[in-house]
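The following exercises invite the reader to examine a structure step by step. Each task is followed by a worked solution.

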Amino acid sequence: MKYLILGNGPAGVIAAETLRHNDPAGEIVMVGSEGLPPYSRMAIPYFLEGNIEEAGMYLRKTADHFASLRITERNGRAVGLDTAARLVRYADGTSENYDKLLIATGSRPRSTRRYPDSTGRRSRIAGR
Ligand SMILES: Cc1cc2nc3c(=O)[nH]c(=O)nc-3n(C[C@H](O)[C@H](O)[C@H](O)COP(=O)(O)OP(=O)(O)OC[C@H]3O[C@@H](n4cnc5c(N)ncnc54)[C@H](O)[C@@H]3O)c2cc1C
């Protein structure tokens with residue numbers, strides 16, 4: 001069984017570790033797109049203020065943490081998905097097959113200003 005996890009933020013990391021705990025034999029590949037070890041975004045302000053070193057943002061503190069769990073780390077930006085073929089395509093032109101896929105690529109905030117009655121909605125929520 002090959003598990004492919006897109007995203008190496010907190011969700012991807014916990015998923016990879018939990019899979020390894022429950023499936024000692026499966027192949028696990030965890031993909032990040034930023035060329036960095038898994039890190040905590042909430043630690044960014046502390047880093048920018050100089051209160052912690054870069055390594056202080058890392059979610060796991062030992063360099064061989066994922067290797068020791070036989071979790072393969074890969075850097076790449078997924079740009080295409082063929083669910084019939086069970087295949088993910090990356091921006092660099094390579095692709096990778098999987099048996100089970102988890103998309104844990106985070107999210108982006110969306111401004112409510114683009115919705116026509118966003119002001120009314122905000123007022124109603126604030127009034128609760
Ligand atoms: C400045 C800041 C402060 C925050 N403070 C707090 C806080 O105090 N408390 C709190 O609860 N939350 C906080 N958050 C929110 C918290 O960081 C997120 O809820 C959390 O990071 C979500 O984790 P995630 O794994 O779902 O996604 P992410 O952490 O966003 O990780 C997603 C990963 O997916 C990868 N990825 C994205 N697209 C692709 C792609 N196409 N192909 C391959 N990989 C891809 C990226 O490399 C990324 O690392 C803060 C966020 C920020 C930015």
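**Exercise 1.** Determine whether Arg86 is buried, partly exposed or exposed, and describe its place in the chain.

*Solution.* Step 1: in this predicted model, 15 other C-beta atoms lie within 10 Å of that of Arg86. Step 2: a residue counts as buried at 20 or more such atoms and as exposed at 12 or fewer. Step 3: Arg86 is therefore partly exposed, with its 15 other C-beta atoms within 10 Å. Step 4: Arg86 belongs to the loop that links strand 4 (78-82) and strand 5 (87-90). Step 5: although Arg86 is not a glycine, its phi is positive, at about 55 degrees.

**Exercise 2.** Carry out the analysis for Arg70: is this residue buried or exposed?

*Solution.* Step 1: the count for Arg70 is 12 other C-beta atoms within 10 Å. Step 2: the limit for an exposed residue is 12 or fewer. Step 3: Arg70 is therefore exposed, given its 12 other C-beta atoms within 10 Å. Step 4: the residue is located in the loop between helix 3 (65-68) and strand 3. Step 5: Arg70 is not a glycine, yet its phi is positive, at about 55 degrees.

**Exercise 3.** Establish how strand 1 is paired and whether it is enclosed.

*Solution.* Step 1: strand 1 (residues 2-6) runs parallel to strand 2 (residues 27-32), and 5 bridges join the two. Step 2: within this pairing, Leu4 stands opposite Val29, and Ile5 has Met30 as its bridge partner. Step 3: strand 1 is also parallel to strand 7, to which 4 bridges join it; here Tyr3 faces Lys100 as its opposite residue. Step 4: 4 of the 5 residues of strand 1 are buried, so the strand is largely enclosed by the rest of the structure.

**Exercise 4.** Follow the chain from strand 1 to strand 2, and then identify the further pairing of strand 2 with strand 3.

*Solution.* Step 1: strand 1, helix 1 (residues 10-22) and strand 2 form a β-α-β unit, and this unit is right-handed. Step 2: strand 2 is joined by 5 bridges to strand 3 (residues 71-75), and these two strands run parallel. Step 3: in strand 3, Glu73 is the bridge partner of Met30.

**Exercise 5.** Which residues have the most contacts inside the largest nonpolar core?

*Solution.* Step 1: the largest nonpolar core consists of 13 residues, and Ile5, Ala16, Ile28 and Met30 have the most contacts inside it. Step 2: strand 1, helix 1 and strand 2 each contribute at least two residues to this core. Step 3: strand 1 gives the most, with 4 residues. Step 4: beyond residues up to four places away in sequence, Ile5 touches Gly12, Ala15, Ala16, Val29, Met30, Val31, Leu102 and Ala104.

**Exercise 6.** Contrast the surroundings of Leu19 and Ala104: is each of them buried or partly exposed?

*Solution.* Step 1: Leu19, which is placed in helix 1, is buried because it has 20 other C-beta atoms within 10 Å. Step 2: leaving out residues up to four places away in sequence, Leu19 touches Tyr3, Gly26 and Ile28. Step 3: the C-alpha atoms of Leu19 and Tyr3 are separated by 8.4 Å, while the residues are 16 apart along the chain. Step 4: Ala104 lies in the loop between strand 7 (100-103) and helix 4 (118-127), and its 18 other C-beta atoms within 10 Å make it partly exposed. Step 5: apart from neighbours within four places in sequence, Ala104 is in contact with Ile5, Leu6, Gly7, Gly9, Ala11, Gly12 and Ala15. Step 6: Ala104 and Pro10 are 94 residues apart along the chain, and their C-alpha atoms are separated by 8.9 Å.

**Exercise 7.** Describe the residues around the ligand and the elements that supply them.

*Solution.* Step 1: there are 20 residues around the ligand, of which Gly7, Gly9, Ala11, Met42 and Gly106 come nearest. Step 2: by class, this shell has 9 nonpolar, 8 polar and 3 charged residues. Step 3: helix 1, strand 2 and helix 2 (44-48) each provide at least two of the shell residues. Step 4: helix 1 gives the most, with 3 residues.

Definitions and conventions. Residues are numbered from 1 along each chain as its sequence is written. This is a predicted model: local features need pLDDT of at least 70, side-chain atom pairs count only at pLDDT 80 or more; totals for chains, interfaces and linings use all residues. Two strands pair if DSSP finds at least two bridges between them. A crossover is right-handed if, with the strands pointing away from the viewer, the path from the first strand over the helix to the second runs clockwise. A residue is near a molecule or strand if its C-beta atom, placed from the backbone, lies within 6 Å of it. Ala, Val, Leu, Ile, Met, Phe, Trp, Tyr, Cys and Pro count as nonpolar, Asp, Glu, Lys and Arg as charged, and the others, Gly among them, as polar. A nonpolar core is a set of buried Ala, Val, Leu, Ile, Met, Phe, Trp, Tyr and Cys residues joined through C-beta atoms within 7 Å. Two residues are in contact if their C-beta atoms, placed from the backbone, lie within 7 Å.
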